[in-house]
Amino acid sequence: MIALLHRDLILAVRAGGGFGLGMAFFLIVVILVPLGIGPDMVILSKVSVGVLWVGALLACVLSLDRIFSLDYDDGTLELLLTSPIPLEAVVTVKAFSHWVTTGLPLVIISPVLGLLLGLQVSDIKWVFISLLLGTPAFSVIGAFGAALTVGIRRGGLLLSLLVLPLYIPTLIFGANVASKGLSDISNSSSLLILTAVTLAAFSILPFATALVLRINLR
Amino acid sequence: MLLSIDNLSVSRGGKSLFEGLNFTVSSGQFVSINGGNGVGKTTLLRSIAGLQPIDKGKIVVHADNFIFAGDANGVKTALTVLENLRFWNAIFGGNNLHEALEKFHLRKLKNRFAGKLSAGQKRRLSLARLLLTDRPIWLLDEPTVSLDKTSKEAFSEILKNHLESGGAAVVATHIDLGLTLGSLNINLEDYQTKSGNINSSAKAFL
């Protein structure tokens with residue numbers, strides 16, 4: 001399993017691996033929004049949480065189809081299905097490595113971008129924490145969607161239509177954690193629900209994803 | 001006995017391919033699956049590997065006993081030859097990495113990116129995976145496609161060694177691999193579903 005994680009990370013950073021695609025998209029969105037809205041720091045800091053969260057969500061969706069389609073195309077997925085590693089573990093590792101290469105970089109640069117959007121230094125930690133807890137759910141839910149659409153040429157549109165509704169709880173509670181934290185209201189209930197959604201996704205969805213892959217590879 | 005197939009019927013895309021297939025494979029045995037295109041050779045191998053559901057009959061095989069090599073190579077073009085093999089070696093928990101490199105004449109190529117290999121070299125890299133594990137049954141779908149004459153002979157030799165050391169192989173192939181000892185030839189055309197009946201239309205979507 002560590003070998004699979006290692007391989008996926010190497011493949012992501014090598015040529016054509018798509019690492020940085022999500023991050024570049026995220027950067028562009030967050031840098032362009034202030035240009036569109038105007039330099040009013042009060043307005044900017046009000047919309048900043050929403051911009052960061054929606055930007056992160058869309059950046060994740062952008063690279064979802066790569067989770068399984070590359071391995072499907074060259075036959076590796078079929079071989080992994082008959083390998084000693086349980087498919088549920090394969091799926092979990094692949095979702096995790098998608099998060100490491102897509103979600104984690106976004107989380108790491110979010111404080112800098114938060115400053116760009118007029119957030120106070122003291123408020124940035126909530127943006128960071130909410131993204132850190134929420135983005136793993138994007139990857140694991142996305143892996144489920146990617147498994148449903150594996151083998152479909154240009155399945156990107158269908159994939160985003162399938163996963164976007166599933167992303168809504170994470171988006172609502174994640175943005176809620178950050179915005180409540182910003183205005184110094186207690187956000188512990190949202191924080192707990194956000195964490196629960198991520199944990200539930202990680203504990204249930206790999207089984208569904210593995211089942212869907214088996215059916216799709218028949 | 002490593003593998004037994006009893007009264008097997010299989011369909012693909014809702015069309016029944018063959019029915020009433022019986023055979024058993026024990027250690028040291030080579031089974032060659034013949035028949036024209038679309039007769040169900042690949043489907044049979046995929047069924048044995050558990051990749052696809054069967055209609056009727058029974059396949060008895062232990063999941064840890066076989067290794068499957070399909071028509072796709074499963075080679076990552078962005079990784080080097082050695083990295084590709086190392087990955088599968090870790091997955092199968094094997095320790096024959098250098099033997100595999102040696103036997104398939106990949107040592108000189110080991111630091112090249114798999115994307116830069118020729119089709120035949122990629123095929124050799126893909127087949128080298130078989131030596132990384134001690135799993136006895138090799139399920140091979142057209143293993144010699146795009147291999148040159150020397151590589152084909154080398155592969156026959158590797159296959160022979162595998163059989164002599166107690167392994168077994170079920171191979172879908174059009175060519176004669178020169179293996180006579182303990183070999184069983186199955187022509188799937190003899191088991192072809194006569195009417196070619198279409199199953200219920202709903203099944204086609206499964």
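This is a short dialogue about reading a predicted two-chain model.

Trainee: What should I know before I start?

Mentor: The model is predicted, so local features need pLDDT of at least 70 and side-chain atom pairs count only at pLDDT 80 or more, while totals for chains, interfaces and linings use all residues. Residues are numbered from 1 along each chain as its sequence is written, and chains are lettered from A and ligands numbered from 1 in the order in which they are written.

Trainee: How many residues of chain A are in contact with chain B?

Mentor: Two residues are in contact if their C-beta atoms, placed from the backbone, lie within 7 Å. Here, 20 residues of chain A touch 18 residues of chain B. Helix 1 (2–13) and helix 5 (76–81) of chain A each give at least two residues to that side of chain A. Helices (H or I, at least four residues) and strands (E, at least two) are DSSP runs, numbered from the N terminus.

Trainee: Which residue of chain B could I look at there?

Mentor: Try G74(B), in the loop between strand 5 (66–69) and helix 2 (81–92) of chain B. Leaving aside neighbours within four places in sequence, its contacts are D74(A), G75(A), T76(A), L79(A) and S126(B). S126(B) is 52 residues away along the chain, yet the two C-alpha atoms are separated by 6.7 Å.

Trainee: Is G74(B) buried or exposed?

Mentor: A residue is buried if 20 or more other C-beta atoms lie within 10 Å of its own, exposed if 12 or fewer, and partly exposed in between; C-beta atoms are placed from the backbone. G74(B) has 21 within 10 Å, so it is buried. In helix 4 (residues 66–73) of chain A, the buried residues are R66(A), I67(A), F68(A) and D71(A). Their cover includes helix 5, helix 6 (87–116) and helix 7 of chain A.

Trainee: At what angle do helix 7 and helix 8 of chain A pack?

Mentor: Axes are lines fitted to C-alpha atoms, for helices over the stretch in contact, and angles run from 0 to 180 degrees between N-to-C directions. Helix 7 (residues 124–149) and helix 8 (residues 156–182) of chain A pack at about 170 degrees, with axes 9 Å apart. That makes helix 7 of chain A roughly antiparallel (over 145 degrees) to helix 8 of chain A.

Trainee: And how do I read a sheet?

Mentor: Start with pairing: two strands pair if DSSP finds at least two bridges between them. In chain B, three strands form an open, antiparallel sheet in the order 2-1-4. Its edge strands, strand 2 (15–25) and strand 4 (56–61) of chain B, each pair on one side only.

Definitions and conventions. Parallel < 35°, antiparallel > 145°, perpendicular 65-115°, else oblique.
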